[in-house]
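Me: Could you walk me through a few packing details of this structure? I would like the cut-offs along the way.

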Amino acid sequence: MSETILYNEEELLRGFSAKEEAAFRSIFELLAAPLHYFARRLIADSTDAEDIVSIAFHKLWETTNKFESLKSLRSYLYITVRRQCIDRLRHQAVVQKARRDLFATQDHQTESLDNEYIQAELLRLIYEEIKMLPEKYRTILEWTYLLDLTTAEMAVRLGSTENHIRADRSRGLQLLRKALHNRALVFTPLGIFLLETLKG
Amino acid sequence: MEPNYSQEDEIIRLLKKHLTKVPLTATEQLRLQHWLDSHPGNQAFADSLDRSLNGQDKMGQERIAEREKPVKLPTEWLLKEWKNYLQFDQEGIWNKTLQHRSPEGLPSSKMEENITPYLEARSKTRALSGKYWAAAAVLLIIAGAGLIHYFRTGIPAPEMVTVAKSLDLAPGRDGAILTLADGREIVLDSLGNGEIAHEGGTSIILKNGGLLYEGASLNNASAFNSIRTPKGRQFQLLLPDGSKVWLNAASSLRYPTSFQKDERKVEVSGEAYFEISPMANMPFIVKVGEKAQVTVLGTDFNINSYTDERAFSTSLFSGSVLVSVGSDDAGKKRPLNGSVVLKPGQQAQIANELAGAPPAEVTIKVNQNIDEEKVLAWKNGLFNFEGADLGEVMRQLERWYDIKVVYQKGIPDIYFEGKIGRDLSLASVLEILEGAEVHFRLEERRRLVVLP
């Protein structure tokens, strides 16, 4: 029943290095969300964040850098986005006082880490895991948190009872925890998906 | 060496271990604790995730959508943030990315063919594409599988409000309306340099955006003129004694065409900056309605008496002034209870809400070390918003751009810092303020709505 796995991490990197559009598109689909989230944490304006992310991907396409791993490619994207955000903030004549701490982090590279990156990436990993849950549980989580449906509404749509819905949601969260626990921390969940399928 | 995120990735690895209850080595614990302590947000973030992933979620105790009643669950943050995380227009960004590559704006057809992405969708509904998923309402009808695609393409962001070019407003400029003693009104905006009026032996000359009075002497009968700047205008004039006055928008000055006897008296409203020529036996008195008066010997000071600001302020830059509460037409010169002598760098403030109360109850507050640059920014062609709250910023914009500001949902509690030129169009200024997370809608008839 398993789908054909079209790529793993190496394939994706190789495809990208060979300037294959499809590989670029896949990288985009993996990282556009967390990069946009990351940019918005820094600069708040959604349209600007969109511009910044699109510029970063454009730069990725055009760069002559050779990436050793998807990990370094990902770093490149985050660093590019961050630099643009800080630039935009610097150029603003009027900033909110609360934002000034960002300049501090930028200028004292040594001690402080990029906390926005840590948050964006951790969330990316967790949300990717949710995507990987079995359909029944994933659906309930999506309907609950992305569409704000109540258990009553979901019960109606799925022809089930509220108790069943709640049980399934609990189970879904349990599976999520288990999944996070079990998975090794690699860049692409599909690398893991490959393993899963091999296990049968 | 190429900059990278290896340190951050290490923290992520440790956090993940911690969140999934995998034991950490002593070194790892130290490293993680150090990061948690390094910034207040870090511990909070870790705690939210911890509660989200490991919190109780027994059946019957969950509260999910706002509409349900039972107890609120710790899972909330992580999963609520999910929506925020997906709140972006993936296809929009993709299109922008392609546009950078080929400014003609269209993805090449070659691209479309190859768009069998490497990422295989896990569902069988891959065929359904983009625009279908715009409204959440549509999604409810479609079975769970359809959501996978929606999930992958993200939830389009709410519309960003922008200012249409046709509604943009030009900044204020020089100009004023002069009212002569006989009541004639002359608009000074578009007049050329030269004599514009003649009154009782005095020539009134317009020169380079300022007004001069020539021929004024003690012999001439005293007549009163007034200069008024409506919203969107500022003006500078030279009084008969050589004193200079700058008027900000929505302000006025009433003054005699020649100074008589032993005092020089003018009346002001709004905001004005004065550079008064020293005349030892003729103190210069600025009256602000019935509220206050400022007595000067020879000095540079700024008066801000806009009634919609919190307080009446007089700021002194050189010389010395006496600020008195109330109106002192009898010409007494000794300081009263409600008076204060200012030194340079000081500012006297009389709260506006107390205006109208009998003078004995009104107090004058003296501020030290005022920011001269901030007080006189207007005269120097700038807005200086250091430490200003949103209300103050909006009132300044109202006067300079001649708009009416309306708050959709109360005044957001935001403080600013920074300066902007007063010569920018309104849209440019709003764009800058949008960067500080304030949102607007500019409507017809010069109405600006501040969104929550």
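Here are some questions and replies on helix packing, a serine and the nonpolar cores.

Reply: Happy to help: this is a predicted model, where local features need pLDDT of at least 70, side-chain atom pairs count only at pLDDT 80 or more, and totals for chains, interfaces and linings use all residues. Residues are numbered from 1 along each chain as its sequence is written, chains are lettered from A and ligands numbered from 1 in the order in which they are written, and side-chain values use heavy atoms, leaving out hydrogens and water.

Me: At what angle do the axes of H10 and H11 of chain B cross?

Reply: Helices are DSSP runs of H or I with at least four residues, numbered from the N terminus, and axes are lines fitted to C-alpha atoms over the stretch in contact, with angles from 0 to 180 degrees between N-to-C directions. The axes of H10(B) (residues 390–401) and H11(B) (residues 426–435) come within 12 Å and cross at roughly 170°. That makes the pair roughly antiparallel, a term for angles over 145 degrees.

Me: Is Ser48(B) buried or exposed?

Reply: Ser48(B) lies in helix H3 (residues 40–54) of chain B. Buried means under 20% relative accessible area and exposed over 50%, with partly exposed in between (1.4 Å probe, protein chains only). At 11% relative accessibility, Ser48(B) is buried.

Me: Which helix gives the most to the largest nonpolar core?

Reply: A nonpolar core joins buried Ala, Val, Leu, Ile, Met, Phe, Trp, Tyr and Cys residues through side-chain atoms within 4.5 Å. The largest has 76 residues, and Phe16(A) and Trp82(B) are among those touching the most other members. With 14 residues, the top contributor is helix H2 (residues 21–43) of chain A.

Conventions:
Helix = DSSP H or I, 4+ residues; strand = E, 2+ residues; numbered from the N terminus. Parallel < 35°, antiparallel > 145°, perpendicular 65-115°, else oblique.
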